[in-house]
Amino acid sequence: IEDRKISEKNKNQILQEFAQLKGEINKNEDALGVLEEYKKFLERLTPSDWLQIKRKEKAEGIEQAKEKWIAEKQKQGDEDYPTGDNASVGSGRPKRPYKNLDKKSLEVEFEKQLLDDAIEGVSTYEEELYFQDPKSMLELFTDLEEKNLFLIQMNHEAEQTYESLKKHFQDIKKEKEAKIEKLE
């Protein structure tokens, strides 16, 4: 009976810990969602040419890592074969998972491992942001504000010019209509 009470107590304690951890996970997921929204906002402010350069550099880095990884797997020697889950059962010799695969199959395997972040030194996560310093963001907003104020002023001046020309046109039109009436 005492063992049952202890196990019941342990079970309740584990359930409480589980609920607490689940609450923390939900809280962290919410925080992650907010941070991802901020990241998207920053990416929208980032100059497109800088983003293109970074994406190209990343793609080139992944391509180089893929070529290196495929070359390593293709020339893997007998002493280099993986053990454990990939080892053949009962043969006494490890299984050779990459030895007989063609380049296309190795590329597919690389992509799978890349998505699982299993390739050392290569990440699918983009770490670098354009804005490293709050001052640079402040400068960008200041520049955008100045451009907007300039455009507002130019728009206002264009509207004034339009209204002035419209009034001038109507005056000329009335003048011409009056002259036409006199001639008739």
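The exercises below, each with a worked solution, deal with the structure shown above.

The structure is a predicted model, in which local features need pLDDT of at least 70 and side-chain atom pairs count only at pLDDT 80 or more, while totals for chains, interfaces and linings use all residues. Residues are numbered from 1 along each chain as its sequence is written, and side-chain values use heavy atoms, with hydrogens and water left out.

**Exercise 1. Describe the make-up of the protein chain.**

Begin with the secondary structure, where helices (H or I, at least four residues) and strands (E, at least two) are DSSP runs numbered from the N terminus. The protein chain has 4 helices and 0 strands, and its elements follow the order α-α-α-α from the N terminus.

Next, consider burial, for which buried means under 20% relative accessible area, exposed over 50%, and partly exposed in between (1.4 Å probe, protein chains only). Of the 184 residues in the protein chain, 12% are buried.

Finally, turn to contacts, meaning heavy atoms within 4.5 Å. Among the contacts in the protein chain with a separation of 6 or more, 62% are between residues 24 or more positions apart.

**Exercise 2. Determine where T46 lies and which residues it touches.**

T46 is found in the loop between α1 (2–45) and α2 (48–74). Because its relative accessibility is 8%, T46 counts as buried. Leaving aside residues up to four places away in sequence, T46 touches L51, Y130 and F131.

**Exercise 3. Work out how the buried residues are arranged on helix α3.**

Start with the span, which is expected to be 1.5 Å times one less than the number of residues in the helix. For the 13 residues of α3 (residues 103–115) this should give 18 Å, and the end C-alpha atoms are 18 Å apart, which agrees.

Then list the buried residues of α3, which are L106, E107, F110, Q113 and L114. They cover an arc of only 125 degrees around the axis, and therefore lie on the same side of α3; the arc is that of the directions from the helix axis to the C-beta atoms. On the other side of α3, K104 and L115 are exposed.

To close, ask what covers the buried residues of α3: the cover includes α2.

**Exercise 4. Examine K66 and its partners.**

K66 is placed in helix α2, and K66 is buried because its relative accessible area is 12%. Not counting residues up to four places away in sequence, K66 touches E107, F110 and E111.

K66 also takes part in a salt bridge, defined as a side-chain nitrogen of Lys or Arg within 4 Å of a carboxyl oxygen of Asp or Glu. The partner is E63, with an N to O distance of 3.5 Å. K66 and E63 are 3 residues apart in helix α2, so about one helical turn separates them. E63 is partly exposed, with a relative accessible area of 36%.

**Exercise 5. Compare two further salt bridges, one in α1 and one in α2.**

By the rule used here, the count comes to 5 salt bridges. In one of them, the side chains of E43 and K39 meet at 3.7 Å, N to O; both residues lie in helix α1, 4 residues apart, about one turn of the helix. E43 is partly exposed at 26% relative accessible area, and K39 is partly exposed at 23%.

In another, K54 pairs with E57, the closest N and O atoms being 3.4 Å apart. K54 and E57 are 3 residues apart in helix α2, so they are separated by about one helical turn. The relative accessible area of K54 is 26%, which means that K54 is partly exposed, and E57 is partly exposed at 42%.
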